[in-house]
Amino acid sequence: MSGAALAIEIVVVFFLALFLLHRYGDFRRQQRMVLFGTLLAWYLCFLIVFILPLDVSTTIYKQCKIDQEGHAPANHTPANASVTPTESKLKPCYKPWSYIPDGIMPVFWRVVYWTSQCLTWLLLPFMQSYARSGGFSIAGKIKTALIENAIYYGTYLLIFGSLLIYVAVHPEWHLSWYELQTIGITAANTWGLFLLVLLLGYGLVEIPRSYWNASRHGHLLIKTYFKASKLMTEKADAEENLEDVMEEVRKASESIKYNHPLRKFIDTILRKCPVEYQEKMGRNMDDYEDFDDNQNTYPSEKSLVKLHKRVIYAVQRHNRTRVQWQILLQQAVHLEDVAKNETSTTHQFVHSFSPPGPPGWFSRYLYTPTAEWFWECLLRCWFYRLLSVVLMAFSVAVVWSECTFFSTRPVLSLFAVFIQLAERDYNYLYIEMACFVTIFFLCTCVYSTVFRIRVFNYYYLASHHQTDAYSLQFSGMLFCRLTPPLCLNFLGLIHMDSAISHQKKEQTAYTSIMGSMRVLSFIANGFYIYYPMLIVLLCIATYFSLGTRCLNLLGFQQFVGDSEMTSDLIDEGKELIRREKRKRQRTEDGENRRRVIEERYGNQRDDHTARNRTSHELKETSYSDTVTAGTPDVTKYSRSGRDCIELLQDAEPLDFDESLTDDPVEAEPSRHAGGRYLSMSSSHSRIFDDV
């Protein structure tokens, strides 16, 4: 059972990362390299979060064995503990159900940590520029990626060199490979902790508030109207941008003919365009003209690379806004249905539009209209309010512990108190559950902020397979940089990190690979302890929406309740939703009428066609029998009768395209000399020659 828990969590975490990548990425269209890099980054970060509680319980068991052997330090017993060292020795140590043997966790953490760091600082930035490049060859994309990352890598080398010089000027320090490794880890964790506190301060307030607002249907509907107005503006801008880019592609395609050396680049660009634009350009393109370098000016390869990059961005943005508009429209219609059904006395949830497909077994037997009404109109709001209160309590506990986790005598951190109470009885299951719930809440606050933030149109995680390659890899970079300092911060909250708590205790395997932070004392004793206190100011600023109000004053449209611009956008969004509902209602009514007509007259038309076919076959049979039994004088009439029948049965349309030509010189020799009326034996294409 010792290695089974680790193996199960490794498999479960992999499928969790795969599910999230499938939700945000597109397995069919995006490059395999982009998907693999993002999946690996997310998987490693989630793996650290899920495996760390097992490391904590294993470390507590090892500490118990050390105490029983009489080698424990004198200050191991917590200050608020009532258990004496003698009683602690007498109490037996039970091996946890998820115990991991010695030597496995250090190797595991070393592989996971350094792989994630190589991804976030070296591979993912390069792959990000490679995927965003508009080059037509692998060498061209690599060259572009190296040029774009030269400044990026140079900045980090400058920071690392500054820390290296700071350590080198102290004569009492002798730099070794272990100390250099510690300096690199400290620099990465310092950068990550700086960003972690900013994201955590926002998430601790916004997540409970978002669930509380979700319980208010009126507020949620008004905010949806606001989002609809903004999204329609973005959608119109994306369509206009796509039209402009497609016009440039059309001009380049018309100027570069089929036998031009750059024509293969044009074909690559055309394959990235939407299908309707490809067909339009294919109809208007004449590739039977040779190019002439002396008469025409042609775009260069560099300009085609830039055009290729713009096409990829414009098409992806257009598809994303179109899908998001449909999703937002469904949400608005559903919220309006909830508002209408709240006053229903029948307790039956009625939808404005019928579902697109037949209901499944879940809707037929479990989620019936009555159950849907009770959930949507009655229970859901109370469930969200209760969840919001629980999350709010967790947020208060995190803020208090972040401000007091450095105090070990007495222990003020709430999470440290909970762990130490469970440590007395060696309740490893409770320890692991408490650690998992705590670190899972911290990760939810941080990671949800990463999924919510949007940096204009350069970074934006959109669900339903609408996230571009640049944003996917950027999120992977953020996860790999935020997860290690997040785990160290969690270990500090429960007093399992001796660099912060200054207790001589058995270290976790995760802390052992981080090295001793005392190499840089001003960071271990200053920044790591006092900087997390800034989370109080960030929570207050988030509670009063100071950032949203500042962005609104700068001209960025934000949802502010007491703003006149917000009211105008809400009214505009309400009208847009009403217009789309009318359009959708007309479409659904037309489909219903067509279905009714087909059901009513379809069978009659089929019976009438079958009767006509049977009557026609009977007439042909009787006529042929009459001709066979007739006199020889009737033979000459039978032939004309057969001709009439063949003429009437000829249902093939006349083809005017085979010999029709626009050249009057070619058409003149085939014109008949005798008058305007043409013989039936001549080509049918000459009927309209005189028109």
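The legends below accompany close-up views of a predicted model.

**Figure 1. Overview of the helical fold.** The predicted model contains 23 helices and 0 strands. The protein has 691 residues, of which 41% count as buried. Among contacts with a separation of 6 or more, 76% join residues that are 24 or more positions apart.

**Figure 2. The largest nonpolar core.** This core holds 93 residues, and the members that touch the most others are Trp-42, Trp-109, Leu-204, Ile-494 and Tyr-510. Helix α2, which runs over residues 32-68, gives the most to the core, with 19 residues. A second core lies apart from the largest one and has 20 residues, including Leu-270, Cys-273, Leu-307 and Val-311.

**Figure 3. Surroundings of Ile-494.** Ile-494 belongs to the five residues named as touching the most other members of the largest nonpolar core. With its neighbours within four places in sequence left aside, Ile-494 is in contact with Val-56, Phe-415, Ala-416, Ile-419 and Cys-435.

**Figure 4. Ser-401 in helix α12.** Ser-401 is placed in helix α12, which covers residues 369-404. Ser-401 counts as buried because its relative accessibility is 0%, and the limit for buried is under 20%. Beyond the neighbours within four places in sequence, the residues in contact with Ser-401 are Ser-413, Leu-414, Phe-415 and Leu-493. Phe-415 is also listed among the contacts of Ile-494.

**Figure 5. The second largest pocket.** The volume of this pocket is about 1100 Å³. Its lining is made of 35 residues, and those closest to the centre are Gln-30, Ile-312, Gln-316, Asp-468 and Ala-469. At least two lining residues come from each of the helices α4 (104-132), α8 (263-272), α10 (301-341) and α15 (469-493). Helix α10 gives the most to this lining, with 8 residues. By residue class, the lining of the second largest pocket comprises 13 nonpolar, 12 polar and 10 charged residues.

**Figure 6. The largest cavity.** The whole structure contains 5 cavities of 30 Å³ or more. The largest cavity encloses about 90 Å³ of space. Ten residues line the largest cavity, and Leu-193, Pro-485, Leu-488, Asn-489 and Tyr-528 lie nearest its centre. Helices α6 (177-214) and α15 each supply at least two residues of this lining. The largest share comes from α15, with 4 residues. The lining of the largest cavity divides into 7 nonpolar, 3 polar and no charged residues.

**Figure 7. His-464 in a loop before helix α15.** His-464 is found in the loop between α14 (428-452) and α15. Its phi is positive, at about 60 degrees, although the residue is not a glycine. Most residues other than glycine have a negative phi. His-464 counts as partly exposed because its relative accessibility is 37%, and partly exposed residues fall between the limits of 20% and 50%.

**Figure 8. His-495 in a loop after helix α15.** His-495 lies in the loop between α15 and α16 (498-501). The phi of His-495 is near 60 degrees, a positive value in a residue other than glycine. His-495 is buried, since its relative accessible area is 1%, and buried means under 20%.

**Figure 9. Two spans annotated as transmembrane regions.** An unreviewed UniProt entry gives the annotation "transmembrane region" to several spans, among them residues 181-205 and 382-400. Residues 181-205 are 100% helix and 0% strand in the model, and the end C-alpha atoms of this span lie 36 Å apart. Residues 382-400 are also 100% helix and 0% strand, with end C-alpha atoms 27 Å apart. Other spans under this annotation include residues 6-22, 34-52 and 527-546.

**Figure 10. The span annotated as a coiled-coil region.** For residues 228-255, the unreviewed UniProt entry lists "coiled-coil region". In the model this span is 100% helix and 0% strand. The end C-alpha atoms of residues 228-255 lie 40 Å apart.

How values were computed
Residues numbered from 1 in each chain as written. Predicted model: local features only at pLDDT ≥ 70, side-chain atom pairs only at ≥ 80, totals over all residues. Heavy atoms only, no water. Core = buried A, V, L, I, M, F, W, Y, C linked by side-chain atoms within 4.5 Å. Buried < 20%, exposed > 50% of the residue type's maximum accessible area, 1.4 Å probe, protein only. Contact = heavy atoms within 4.5 Å. 1 Å grid on protein atoms, 1.4 Å probe; cavity = no way out; pocket = protein on both sides within 12 Å on 5 of 7 lines; lining within 4 Å. Points joined across faces, edges and corners; volume = space filled by probe spheres on them. Nonpolar A, V, L, I, M, F, W, Y, C, P; charged D, E, K, R; others polar. UniProt positions renumbered as here; feature names shortened; annotations may be inferred.
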